[in-house]
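Me: I've just opened this one and don't know my way around yet. Could you walk me through it with a few questions and answers?

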Amino acid sequence: MINGIRQAIFDLESYVPGKPIAELLREIPGLKPNRIVKLASNESPVGPSPKAVRAAVKAIRQAHLYPEPTAYDLRQAIARKHAIAADGVIVTSGADEALRLVAETLLEPQDTVVISRYAFPRFCQHAQLMGSGIIEVPMKSFCHDLKAMGRAAAERKAKAVFIANPNNPTGTFNSDAEMRELFKSFSADRPWIILDEAYYEFARDAFPKDYPDSLPDFFKLYPKLIVLRTFSKIAGLAGLRIGYAAAAPQLIALMHRARLVFNVSSPAQAAAIAGLNDRSHITKTLECVRQGRRFLEGALEEFGFQAVKPSAANFIFAGVPERFIRQGGAAKLYQELLQEGVIIRPVGEKGLENYVRITIGNAGQNRALIRALKKVLVTRGAEALPPELSPPRKRGSRS
């Protein structure tokens, strides 16, 4: 045991991201790099905006200079887009840094936070890092039970409530009406509500009538709200690590005190500004995900996957076929697909050992997944699917 280390560090479980392609090539040298399909990290199926790429390349010519520390121009662009105050925005190294800054600014060891049982695991990890107590509230049909979370927060005088909407890994979402009801349920001693909307654009596209358009209206309803967004998903800038948080300007000013001085690079800032309003690229990405969602939902059901949920994100959450439940769960399917050069995500969390999260890829990636599943499930003896499986039936679109 090393002396002088905080106990919270020993108690903390490391977050395990989706397997990188380079790592798989090291593990299975015979695989061809151009044949590997990664559907594990919810990355963009169409790549970054060409405008964003050009802006990043131009900015890197000034790489000898430190970046603008507060990302002034990007904050102004975000503020204009969402009709909020620019001093109510902080730009961060991905939404994960925003989560960390929230935890470092708000939480102390004597505090308690409320989180759903199968919420995004980084919520729990950031609270643990600060030594705060955690109340886990069971989900309903893999969705946040906001009424139960609100009751738990009120009864235990929680400092904060963490909500991913849509949730990762389940892909489910809470409606505008449910969120407004949660806000109204609190009177005195309102907790901070941290609303992680990493998949906002996909949810608004899939469920425009029900999914909330939180900025700026929710701030008027609930001042102690913090909204997190990212450029990793819809803008395809995951490798540049850039996101942001929006909240009351007074809180944002305090979060800046905990922020690393030069936390976001100049190329990332330039790319985000260019990609923020690249409507044609956003439309292309949404259409690709929309078509891929229909295709994969139908295909996975044909293969015997269980409880495939209508997804409000750019991934699908599903239980594995019966054969794999008997033979080792999602981890077994994951390992067999790796041998075919396809990377998915076994959820792995206790209670979800038989569930996978599969990123919706482009048409070629989705077909590669289906070919690999045919080989794994049919050639190797799965009973649920005949070898002559025809292309998956198309399903009607959802509004």
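Me: Is Asp 205 buried, partly exposed or exposed?
Reply: Keep in mind that this is a predicted model. Buried would need under 20% relative accessible area, and exposed would need over 50%. Asp 205 has 23%, so the label that fits is partly exposed.

Me: Which residue forms a salt bridge with Asp 205?
Reply: Asp 205 belongs to helix H9 (residues 200-206), and its partner sits in helix H13 (residues 279-302), 85 residues apart in the chain. That partner is partly exposed, with a relative accessible area of 25%. The closest N and O atoms of the two are 2.8 Å apart, and the partner is Arg 290.

Me: What parts of the chain does the salt bridge of Glu 136 and Arg 117 tie together, and how many residues apart are they?
Reply: The two side chains meet at 3.8 Å, N to O. Glu 136 counts as partly exposed at 40% relative accessibility, and Arg 117 does too at 24%. Glu 136 lies in strand S4 and Arg 117 in the loop between strand S3 (112-116) and H6, so the parts tied together are 19 residues apart in sequence.

Me: Where do Glu 336 and Lys 332 lie?
Reply: Their side chains meet in a salt bridge, 3.4 Å from N to O. Glu 336 is buried at 9% relative accessible area, while Lys 332 is partly exposed at 32%. The two are four residues apart, about one turn of the helix, and both lie in helix H15 (residues 330-339).

Me: Okay, on to the rings. Why is the pair of Phe 123 and Phe 162 called stacked, tilted or edge-to-face?
Reply: A search of the whole structure turns up 16 aromatic pairs. In this one the ring centres are 5.3 Å apart and the planes meet at 35°. Stacked needs planes under 30 degrees apart and edge-to-face needs over 60, so this pair is tilted.

Me: Which aromatic cluster includes Phe 123 and Phe 162?
Reply: Phe 123 is in helix H6 (residues 121-129) and Phe 162 in strand S5 (residues 160-164), 39 residues apart. Phe 123 counts as buried at 0% relative accessibility, and Phe 162 counts as buried at 2%. The cluster is made up of Tyr 15, Phe 120, Phe 123 and Phe 162.

Me: What kind of aromatic pair do Phe 142 and Phe 317 form?
Reply: Both of these residues are buried. Their centres are 5.1 Å apart and there is 70° between the planes. Planes over 60 degrees apart get the name that fits here, so Phe 142 and Phe 317 are edge-to-face.

Me: Which residue lies over the face of Tyr 200?
Reply: Phe 315 has a charge over its face too, with Arg 357 at 5.7 Å from the ring centre. For Tyr 200, the distance from the ring centre is 3.6 Å, and the residue is Arg 229.

Me: What radius of gyration does the protein have?
Reply: The protein has 16 helices and twelve strands, and its C-alpha atoms fill a box of roughly 60 × 55 × 55 Å along the principal axes. With 399 residues, a compact globule would have a radius of gyration near 21 Å, and the protein agrees with that at 21 Å.

Key
Residues numbered from 1 in each chain as written. Predicted model: local features only at pLDDT ≥ 70, side-chain atom pairs only at ≥ 80, totals over all residues. Heavy atoms only, no water. Phe/Tyr/Trp six-rings, centres within 6.5 Å; stacked < 30°, edge-to-face > 60°. Buried < 20%, exposed > 50% of the residue type's maximum accessible area, 1.4 Å probe, protein only. Lys NZ or Arg CZ within 6 Å of the ring centre and 35° of its normal. Rg over C-alpha atoms; globule rule 2.2 N^0.38 Å. Salt bridge = Lys/Arg side-chain N within 4 Å of Asp/Glu carboxyl O.
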